[in-house]
Amino acid sequence: MHTVKHNYTTMPEPLRCKGSLDSRQLRFSRAMIFAIEEINNSTELLPGIKLGYQIYDSCASVPVTVHVAFQLLNSLDPVFYTGDNCSTSGMVMAVIGESGSSPSISMSRIIGPFNIPQVSYFATCACLSNKQQYPNFLRTVPSDQFQAEALAKLVKHFGWTWIGAVRSDSDYGNNGMATFLDAARKEGICVEYSESFYRTHPRSRIQRVADVIRSSTAMVVVAFAASGDLRLLLEELSLEPSPPRQWIGSESWVTNTDLLRFSFCSGAIGFGIKRSVIPGLRDFFLDLSPSKVAASPVLTEFWEDAFNCRLRKSAATDKSVCNGTEDIKTLQSPYTDTSQLRITNMVYKAVYAIAHAIHKAVCQETNSKTQCDKFTRIESKEVLTQLKKVHFSQNGYDVSFDTNGDPVARYELVNWQKSESGRIKLVTVGQYDASLPVGQKFLINRNITWVDGGTQVPLSVCSDSCPPGTRKVLQKGKPICCYDCIPCPEGEISNAADSPDCLPCPKEFWTNAERDTCLPKPVEFLSYNEVLGILLAAFSVGGACLAIITAAVFYRHRTSPIVRANNSELSFLLLFSLTLCFSCSLTFIGAPSEWSCMLRHTVFGITFVLCMSCVLGKTIVVLMAFRATLPGSNVMKWFGPPQQRMTVVSFTFLQVLICTIWLSLSPPFPMKNLTIYKERIILECALGSAVGFWAVLGYIGLLAVFCFVLAVLARKLPDNFNEAKLITFSMLIFCAVWITFIPAYLSSPGKFTVAVEIFAILASSFGLILCIFAPKCFIILFKPEKNTKKHLMNKNPS
């Protein structure tokens with residue numbers, strides 16, 4: 001590019017169009033002529049009035065557009081074509097155009113103060129909906145506000161969160177892309193790059209944009225560009241092999257059949273204006289006689305470019321002269337292609353909208369007959385007022401404008417699909433209607449062909465989706481779509497993909513191995529179905545059976561000296577209490593219930609006190625018996641059988657009283673312990689009142705210590721069979737067991753707490769029965785010669 005320098009002493013060069021003729025734009029202008037001629041031949045719309053027109057070529061250039069706008073206001077001669085003379089020739093009632101948003105903005109600012117209505121068929125910038133800045137602007141094509149939001153929903157629908165964006169460096173591209181990016185951010189879509197370019201930029205700028213696309217990691221490219229701009233970029237991309245890209249297009253280029261030649265864009269999708277049918281239009285396009293073509297410089301240029309020949313002799317070209325055999329019906333050109341009448345229909349509707357506005361201004365309905373006064377002088381302001389109110393249907397297409405001068409936004413979702421012949425064609429695969437409720441606006445009703453002819457939706461993400469059981473952690477310094485997947489910690493899950501957080505499981509649930517589901521925690525207690533429970537139950541039953549067998553042996557030999565000498569009544573009572581001690585341990589096994597929790601500690605406490613009371617009674621009897629053998633001693637009458645029974649009952653009653661108070665104030669109860677283990681529930685008995693529990697244990701311990709002290713005092717009494725020695729040894733074991741029980745009980749987790757308590761009960765019970773009764777049973781059963789009164793009374797044992 002070079003900078004034009006003006007010295008302001010000579011007139012600048014006239015503005016000229018650069019580049020070749022755009023046959024698509026020629027089709028638009030010819031469609032306007034068709035609509036005007038159709039209206040002029042109508043007997044219902046503007047009967048008796050002929051519309052005239054002037055067509056200007058702005059060359060998609062803002063400076064040229066401004067020049068054209070001043071020509072319109074100054075009523076200069078038309079550039080290349082005019083209709084028949086009109087009664088109000090020279091007065092511009094309305095303007096149809098521009099195609100681009102930037103030229104439309106420039107034109108609106110110039111003609112707006114004169115209240116000349118401007119109806120565009122292709123300017124889609126959302127900025128033009130601002131009626132404070134553009135009060136005279138209306139359009140038959142929807143605003144980019146709707147299209148940008150629809151494109152964002154389209155990208156979100158297919159799960160693309162990592163995209164590239166290119167746009168025309170114009171009002172159309174910049175405003176449209178800004179609206180799209182804002183909608184995309186709301187949908188959680190990230191943009192790897194956003195590049196702008198324009199057809200007048202140097203090639204190095206377009207090359208840089210192409211290089212960015214080639215080197216990017218985003219599979220999807222959203223292009224909000226005019227077709228003339230994008231053609232330059234696609235030409236640059238076609239020069240060098242590029243990684244496959246899924247193109248998403250705006251209606252400006254995605255329905256332009258001239259771009260279908262770029263085969264590497266196969267699979268492109270985007271929103272286009274709804275396809276339509278205009279009866280008679282194709283015949284009108286093809287009705288080009290040599291005289292018509294020669295009379296128009298524009299048609300002449302089109303004809304010569306299309307058939308590569310010249311109509312007039314010229315030294316400036318080496319083309320051969322057209323021989324007259326050229327047939328436009330055989331021509332493959334955007335001008336002759338009427339299979340995709342989209343924007344062409346917008347031109348058609350714009351012409352009819354202006355005609356209806358003029359009709360409302362100059363015509364009256366009388367007796368079902370329309371009368372129009374062609375000599376009525378109307379102002380463009382009145383046409384503008386009527387234009388905002390029009391609401392009609394033409395060929396089945398509704399035409400109306402909202403308060404912003406915009407029509408209802410309806411789009412078709414089009415897809416570039418390769419046919420069997422290898423050519424790319426436009427296929428409608430869905431619909432978008434902004435007037436429908438949320439959730440019903442978007443509809444896909446046909447299969448889509450993707451990049452390189454694929455049938456699977458391409459993947460375009462910065463990071464792969466995080467599976468359930470993990471959470472997303474953003475990568476430092478990168479967009480929110482770039483993240484790492486971190487497994488959920490213990491006790492927390494995520495049951496959906498791409499979860500930003502892990503949710504903790506409820507208290508009674510725990511995570512599975514995959515951390516995507518909360519499962520009920522296994523309930524743990526000392527059960528009869530496990531080895532430990534079976535062993536402890538077996539020892540309990542075995543101990544109880546041993547006590548019963550011992551009692552049977554004693555009962556069988558109840559008249560023998562060794563049984564009678566060791567206070568048989570207390571011995572039987574002790575064996576009974578030991579049987580209860582062994583049996584009470586069974587209440588600790590199994591699932592805790594309200595009754596089992598209360599029975600466990602109370603029955604255990606009472607039976608052990610009963611046991612200790614009996615041992616204490618036996619110890620006292622031994623001491624009293626020794627004192628009774630001294631001359632003049634009469635102590636046995638103070639501790640005879642009634643006193644022995646009273647001692648046992650008194651000590652036991654005191655424990656019963658403690659247990660009763662404990663149960664009445666704060667009894668033990670079943671509870672689910674969730675704190676010891678995170679991954680499982682311990683079903684146990686809570687103590688209720690810890691004071692009550694330790695009072696029961698403390699009382700048992702007090703009796704045991706007292707009994708131990710008395711037994712120690714009596715251990716050296718000179719009897720041949722001194723029971724005090726056996727009681728001393730049994731109390732030694734008993735105290736050792738229960739002293740070690742306390743720290744073991746406090747430190748054991750879960751069901752092992754119960755196992756420790758059962759073990760202490762069984763160990764102390766076995767200690768008592770083995771130490772006190774085993775020697776006696778041995779003598780009764782295996783040494784009967786020692787089971788004599790003489791042997792027992794012998795003070796000096798051999």
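Which residues in helix 16 are buried? Keep that in mind for a moment. One caution before we look: this is a predicted model.

Now the answer. The buried residues in helix 16 are L570, S571, L574, L575, S577, L578, T579, C581, F582 and C584. The helix runs over residues 568-584, 17 residues in total. How far apart are its end C-alpha atoms? They are 24 Å apart. At 1.5 Å a residue the expected span is 24 Å, so the two agree.

Stay with F582. This residue belongs to a core of 68 residues. V609, A711 and A763 are also included there. That core is the second one, and it is separate from the largest.

So to the largest nonpolar core. It has 95 residues. Which members touch the most others? They are L46, W160, F180, I358 and L387. Helix 12, residues 343-362, gives this core its largest share, 14 residues. In general, nonpolar side chains tend to be buried together in soluble globular proteins.

Take L387 from that list. Leaving out neighbours within four places in sequence, L387 is in contact with P117, V119, L138, A353, I354, A357 and F401.

Last stop, A218. Find it in the loop between helix 6, residues 203-215, and strand 6, residues 220-224. Is A218 buried or exposed? Buried, because its relative accessibility is 0%, and the cut-off for buried is under 20%. Not counting residues up to four places away in sequence, A218 touches W162, I163, G164, E192, R245 and S460. K425 is another matter: A218 and K425 are 207 residues apart in sequence. In space, C-alpha to C-alpha, A218 and K425 are 25 Å apart.

Technical notes: Residues numbered from 1 in each chain as written. Predicted model: local features only at pLDDT ≥ 70, side-chain atom pairs only at ≥ 80, totals over all residues. Heavy atoms only, no water. Helix = DSSP H or I, 4+ residues; strand = E, 2+ residues; numbered from the N terminus. Buried < 20%, exposed > 50% of the residue type's maximum accessible area, 1.4 Å probe, protein only. Contact = heavy atoms within 4.5 Å. Core = buried A, V, L, I, M, F, W, Y, C linked by side-chain atoms within 4.5 Å. Expected span 1.5 Å × (residues − 1).
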